[in-house]
Amino acid sequence: MARSTTSMKKKSYTRYSDAYRQEALALADRIGVAAAARELGIHASQLYQWRS
């Protein structure tokens, strides 16, 4: 069965401020990337990308 195109929503993206990114990276330095990502509700890969 094919899905109806009306039920599919376009994925929205969140832009994080530079201040939020800096705080998230500081938290990752203190407690680790995986733990910080879980606490913030984001993927660990996002933190690694911000770090680079």
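Student: In which order do the elements of the chain run from the N terminus on?
Tutor: Happy to start there, with the reminder that this is a predicted model. The chain has three helices and zero strands. Read from the N terminus on, the elements are therefore written with helix symbols alone under the DSSP-based naming. The order is α-α-α.

Student: What percentage of the residues in the chain is buried?
Tutor: A residue counts as buried when its relative accessible area is under 20%. The chain has 52 residues, and the buried share of them is 19%.

Student: And how much area does the chain expose?
Tutor: Let's take the make-up of that area before its total. Carbon and sulfur atoms supply 50% of the exposed area. The total that the chain exposes is about 4,700 Å².

Student: Which helix supplies the largest share of the largest nonpolar core?
Tutor: This core has ten residues, including Leu 25, Val 33, Ile 42 and Trp 50. H1, helix H2 (33-40) and H3 each supply at least two of its residues. The largest share is four residues, and the helix they come from is H1.

Student: Is Ala 24 buried or exposed?
Tutor: Ala 24 has its place in helix H1, and it is one of the residues of the largest nonpolar core. Its relative accessibility is 2%, and the cut-off for this class is under 20%, so Ala 24 counts as buried.

Student: How far apart are the C-alpha atoms of Leu 40 and Ala 24?
Tutor: Leu 40 is in helix H2, while Ala 24 is in helix H1. At 26% relative accessibility, Leu 40 counts as partly exposed. Along the chain the two residues are 16 residues apart, and their C-alpha atoms are separated by 7.8 Å.

Student: What about Ala 24 and Arg 51: how far apart are they in space?
Tutor: In sequence, Ala 24 and Arg 51 are 27 residues apart. From C-alpha to C-alpha, the distance in space is 9.9 Å.

Student: Is Glu 39 buried or exposed?
Tutor: Glu 39 is found in helix H2. Its C-alpha is 9.6 Å from that of Leu 27, twelve residues away in sequence. The relative accessible area of Glu 39 is 57%, and the cut-off is over 50%, so its class is exposed.

Student: How are the rings of Tyr 16 and Tyr 20 arranged?
Tutor: A pair of aromatic rings is described by the distance of the centres and the angle of the planes. A search of the whole structure finds three aromatic pairs. For Tyr 16 and Tyr 20, the centres are 5.0 Å apart and the planes are at 15 degrees, so the pair is stacked.

Student: Which class of exposure do Tyr 16 and Tyr 20 belong to?
Tutor: The relative accessibility is 26% for Tyr 16 and 29% for Tyr 20. Values between the cut-offs of 20% and 50% define the class in between. Both tyrosines therefore count as partly exposed.

Student: How is the ring of Tyr 16 arranged with that of Trp 50?
Tutor: Here the ring centres are 5.3 Å apart. The planes are at 70 degrees, and the cut-off for this class is over 60, so the pair is edge-to-face.

Student: How many residues apart are Tyr 16 and Trp 50?
Tutor: Tyr 16 lies in the segment before helix H1 (18-31), and Trp 50 lies in helix H3. Trp 50 is buried, with a relative accessible area of 12%. The pair links distant parts of the chain, and the separation is 34 residues.

Student: Which helix gives the largest share of the lining of the largest pocket?
Tutor: The pocket holds about 350 Å³ of space. It is lined by 14 residues, and among those closest to its centre are Tyr 13, Tyr 16 and Gln 46. By class, the lining has four nonpolar, seven polar and three charged residues. The largest share is four residues, and they come from helix H3.

Methods: Residues numbered from 1 in each chain as written. Predicted model: local features only at pLDDT ≥ 70, side-chain atom pairs only at ≥ 80, totals over all residues. Heavy atoms only, no water. 1 Å grid on protein atoms, 1.4 Å probe; cavity = no way out; pocket = protein on both sides within 12 Å on 5 of 7 lines; lining within 4 Å. Points joined across faces, edges and corners; volume = space filled by probe spheres on them. Nonpolar A, V, L, I, M, F, W, Y, C, P; charged D, E, K, R; others polar. Phe/Tyr/Trp six-rings, centres within 6.5 Å; stacked < 30°, edge-to-face > 60°. Buried < 20%, exposed > 50% of the residue type's maximum accessible area, 1.4 Å probe, protein only. Areas by Shrake-Rupley, 256 points an atom, 1.4 Å probe, with all protein chains shown as cover. Core = buried A, V, L, I, M, F, W, Y, C linked by side-chain atoms within 4.5 Å.
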